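Here's a quick walk through this model, moving from one aromatic ring to its surroundings and then out to the chain as a whole. Keep the viewer open while you read.

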Amino acid sequence: MDSEAWAPNGLPAREYLLVLLTAAATTFLLTGLVRLLAIRVGAVAYPRQRDVHVQPMPRMGGVAMYGGVVAAIFLASNLPVLSRGFTYSNDAWAALAAGGLIVLVGALDDRFELDSLTKLAGQVTAAGILVIAGVQWFVLWVPWGGTEDSVGQVLIFSSNQGQLLTVLLTVAMINAMNFVDGLDGLASGIGLISATATFVFCLSLLDRQNGDVNAYPPALIAAAIAGACLGFLPYNFQPARLFMGDSGSMLIGLMLATASTSASGRVLNYPDVDPTDTIGLLSPLLVVAAVLFVPLLDLIMAVVRRTKAGKSPFHADKMHLHHRLLEIGHSQRRAVLLIYLWAAVIAFGAVSLTLFNVVVVAWVVGLGVLLAAIISVIPRLRARAERES
């Protein structure tokens, strides 16, 4: 084998940018066609009590997003530099195969409202495709079990352990993104922010390895889904003309999980793994977990409250974070933009820990959190001032 085939070649930033823009352009061009298809086949979201939209809205936008991802990865496989990564890794093809399955399951749900067990089976199968293709977690820093000279320890997983962790985290990420999708442009915007942050982290890994072609796949996968989210957002931002549906939200979750999992196998020197690597690897999940924290807390409290009152704990209501922001007095657009701010602070804060001084990052993130908190409560403070006057 030619020894130069795998040799470092710097950071192919232009090719990655071309991949991202190709995914965005393809998704944007396909979305209008998919909208017509969704209307024709009856994939329409009718308003429910807990929904924010008041008019029937076509969904299944994930099909267009998947088209963008496919175009981006096939382009990458024919580019001068990025194509070399396909010789030594099947991660990108695995992402396409698993993504195709999850989009199919999501599109069927968008049309026929599948039961939760069927969707879960599809999610686990998609995660299983990743595992079969060799995409799995290899190493993870945890903050316990350290020695006097180190904080925490590095867990190096066996094949079975890594495969199980991969399935669990992938399914968790898929459902987390699905749970977030509640306002026009919310899931696509959070997906864009998380994917961009993941892309930056993957580029930092690639830079640390001097452009080794074995580290190309995670950045490629992150760039592809970032571009797909970017291309879909103009159709989805309030007022939306098309919902991404489960086909889109589950695709975003799967691709983010795949990029992070693929990157975990490219972390060098396992015994000396920096804790910030783990934070960077898990940044997409951290972002979504932070956005979901308030509604999940609300949900737990609601289940306890309803159970004590003798009511069903599964009664649907408006208790998500975006519902809370609307209740405070924010408009839909402002609520979405505010959640974007929270997501950006968390995502790029987590990734910045791998690139910059921890103290500087802590100050910047702290100021970002303070700014987001102030903006969040302004409508309530204004309403209180008006009542008192």
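Phe28 comes out as partly exposed, with a relative accessible area of 37%. Keep in mind that this is a predicted model. What about Tyr235, buried or exposed? Tyr235 counts as buried, because its relative accessibility is 13% and the cut-off for buried is under 20%.

Those two residues belong together: a search of the whole structure turns up 5 aromatic pairs, and the rings of Phe28 and Tyr235 have centres 5.3 Å apart with planes at 50 degrees, so the pair is tilted. This pair ties together distant parts of the chain, with Phe28 in helix 1 (residues 13-41) and Tyr235 in helix 8 (residues 216-236), 207 residues apart. Another tilted aromatic pair is made by Phe86 and Trp93, at 5.0 Å centre to centre and 50 degrees between the planes. Phe86 is buried at 14% relative accessibility, while Trp93 is partly exposed at 31%. Add Phe74, and you get one aromatic cluster of Phe74, Phe86 and Trp93.

Here are the two pairs side by side.

| Aromatic pair | Centre to centre | Angle between planes |
|---|---|---|
| Phe28 and Tyr235 | 5.3 Å | 50 degrees |
| Phe86 and Trp93 | 5.0 Å | 50 degrees |

Next, the annotated spot. The UniProt record, an unreviewed entry, puts the annotation "binding site" on Asn178 and Asp246. They span 69 residues in sequence, yet no two of their C-alpha atoms are more than 6.4 Å apart, so they gather at one spot. Asn178 sits in helix 6 (residues 159-180), and Asp246 belongs to helix 9 (residues 245-264). Both values fall on the buried side: Asn178 has 19% relative accessibility and counts as buried, and Asp246, at 12%, also counts as buried. With the line drawn at under 20%, Asn178 makes it into the buried class because its value is 19%.

Which residues does Asn178 touch, once you skip those up to four places away in sequence? They are Lys119, Asp246 and Ser249. Asp246, with the same kind of neighbours left out, touches Gly106, Asp109, Asp110, Lys119, Asn178 and Leu251. So Lys119 turns up in both lists, and the side chains of Asp246 and Lys119 are joined by a polar contact of 2.9 Å.

Now for a loop residue. Leu82 lies in the loop between helix 2 (62-76) and helix 3 (85-88), and it is buried, with a relative accessible area of 2%. What does Leu82 contact, leaving aside its neighbours within four places in sequence? Its partners are Pro12, Glu15, Tyr16, Val19, Ala76 and Tyr216. For one of them, Glu15, the C-alpha atom is 7.2 Å from that of Leu82, although the two residues are 67 apart along the chain.

A word on the cysteines: the search of the whole structure finds 0 disulfides. Cys202 counts as buried at 2% relative accessibility, and Cys229 is buried too, at 0%.

Finally, zoom out. The protein chain has 14 helices and 4 strands, and 50% of its 389 residues count as buried. Among contacts with a separation of 6 or more, 77% come from residues 24 or more positions apart. The chain exposes about 18000 Å², with carbon and sulfur atoms supplying 65% of that.

Technical notes
Residues numbered from 1 in each chain as written. Predicted model: local features only at pLDDT ≥ 70, side-chain atom pairs only at ≥ 80, totals over all residues. Heavy atoms only, no water. Helix = DSSP H or I, 4+ residues; strand = E, 2+ residues; numbered from the N terminus. Buried < 20%, exposed > 50% of the residue type's maximum accessible area, 1.4 Å probe, protein only. Contact = heavy atoms within 4.5 Å. Areas by Shrake-Rupley, 256 points an atom, 1.4 Å probe, with all protein chains shown as cover. Phe/Tyr/Trp six-rings, centres within 6.5 Å; stacked < 30°, edge-to-face > 60°. Disulfide = S-S within 2.5 Å. UniProt positions renumbered as here; feature names shortened; annotations may be inferred. Polar contact = N/O pair within 3.5 Å; in protein donor to acceptor, adjacent residues only side chain to side chain.
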